Amino acid sequence: MRLAVNIDHIATLREARKAREPEPVAAALAAEMAGAQGITVHLRSDRRHIKERDLELLRQTIATKLNIEMAVTADMARVALQIRPHQVTLVPERPEELTTEGGLDVVLQAAAVKDFIRQMHEAGARVSIFLDADADQVRKAKAVGADAVEINTGRYADASAEACPAELARIAEAARLAARHDLEVLAGHGLNYTNVIPIATVTEIVELNIGHSIVARAALVGMDRAVRDMVALLWK
């Protein structure tokens, strides 16, 4: 099980004061040194936290994998073709949302997604699609040419104790289906040091993207300790 650390909220803290620190690249390097095997950032259309400058520095600096989450737009395609990250993850985006609220509807946007993926493949970038644990979405992700899917764990993370097993089962079923279609299976959204443990038992999932809970813990104990604690849970 690989861990990719989302460092968006390091940039959120920086932008709260429009200051020069904390530096997202410094956080990324600390996360890598602590065992993270990838760095994830979300470039939003309003550039509310991560900026193009951050992407350029990360691409030049980190030793693992740079994964950029982005919407399916011409502006995002332009940036991705310029930065050439290792991986692009396609996500839905609404301007007023605090965080991504659900998976991308690949079925509804199949033509646009397929064209976006073609452009990324021509530039040498892998493409993952953030989607809900839904069989139709998984099948369509394969049909449009995705290399991987990231299953949305948000509903699982928000579920009551009674509803949690059913949500976990939905994720596991979607993961099995994706693996049968030769898609690499990732997962993420709302995962923390407690609820990540059952997700880590789904054998088809090979990587988790986790951000807020790690950054929140890092504010108290430091990035090194926060990442090492999460890696220890995944490698039990």
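The following paragraphs go through the predicted model, taking its internal cavity, its nonpolar core and a few unusual backbone positions in turn.

The cavity comes first. Rolling a probe the size of a water molecule over the atoms shows where empty space is left. In this model, one cavity of 30 Å³ or more is found. The largest cavity holds about 40 Å³ of space. Its lining is made up of Asp-132, Ala-133, Asn-152, Arg-155, Tyr-156, Glu-167, Arg-170 and Ile-171. Two elements give two or more residues to this lining, namely helix 7 (154–158) and helix 8 (164–180). Helix 8 contributes the most, with three residues. Sorted by class, the lining of the largest cavity consists of four charged, three nonpolar and one polar residue.

The nonpolar core is the next topic. In soluble globular proteins, nonpolar side chains tend to be buried together. Here the largest nonpolar core has 75 residues, and the members that touch the most others are Ile-129, Ile-214 and Val-227. Ile-214 can serve as an entry point for inspecting the contacts. Apart from neighbours within four places in sequence, Ile-214 is in contact with Leu-3, Val-5, Tyr-193, Met-223, Ala-226, Val-227 and Met-230. One of these partners, Val-227, is itself among the three residues that touch the most other members of the core.

The backbone remains. Most residues other than glycine have a negative phi, and most peptide bonds are trans. Three places in this model depart from that pattern.

One is the peptide bond from Glu-21 to Pro-22, which is cis, with omega near 5°. Pro-22 sits in the loop between helix 1 (8–16) and helix 2 (24–33).

Another is Arg-47, which is not a glycine yet has a positive phi of about 50°. Arg-47 belongs to the loop that runs between strand 2 (38–42) and helix 3 (52–61). Is this arginine, Arg-47, buried or exposed? Its relative accessible area is 14%, and buried means under 20%, so Arg-47 counts as buried.

The remaining one is His-189, also not a glycine, with a positive phi of about 115°. His-189 is placed in the loop between strand 7 (184–188) and helix 9 (196–199). For His-189 the relative accessibility is 23%. Partly exposed covers the range between 20% and 50%, so His-189 falls in that class.

Note on methods: Residues numbered from 1 in each chain as written. Predicted model: local features only at pLDDT ≥ 70, side-chain atom pairs only at ≥ 80, totals over all residues. Heavy atoms only, no water. 1 Å grid on protein atoms, 1.4 Å probe; cavity = no way out; pocket = protein on both sides within 12 Å on 5 of 7 lines; lining within 4 Å. Points joined across faces, edges and corners; volume = space filled by probe spheres on them. Helix = DSSP H or I, 4+ residues; strand = E, 2+ residues; numbered from the N terminus. Nonpolar A, V, L, I, M, F, W, Y, C, P; charged D, E, K, R; others polar. Core = buried A, V, L, I, M, F, W, Y, C linked by side-chain atoms within 4.5 Å. Buried < 20%, exposed > 50% of the residue type's maximum accessible area, 1.4 Å probe, protein only. Contact = heavy atoms within 4.5 Å.
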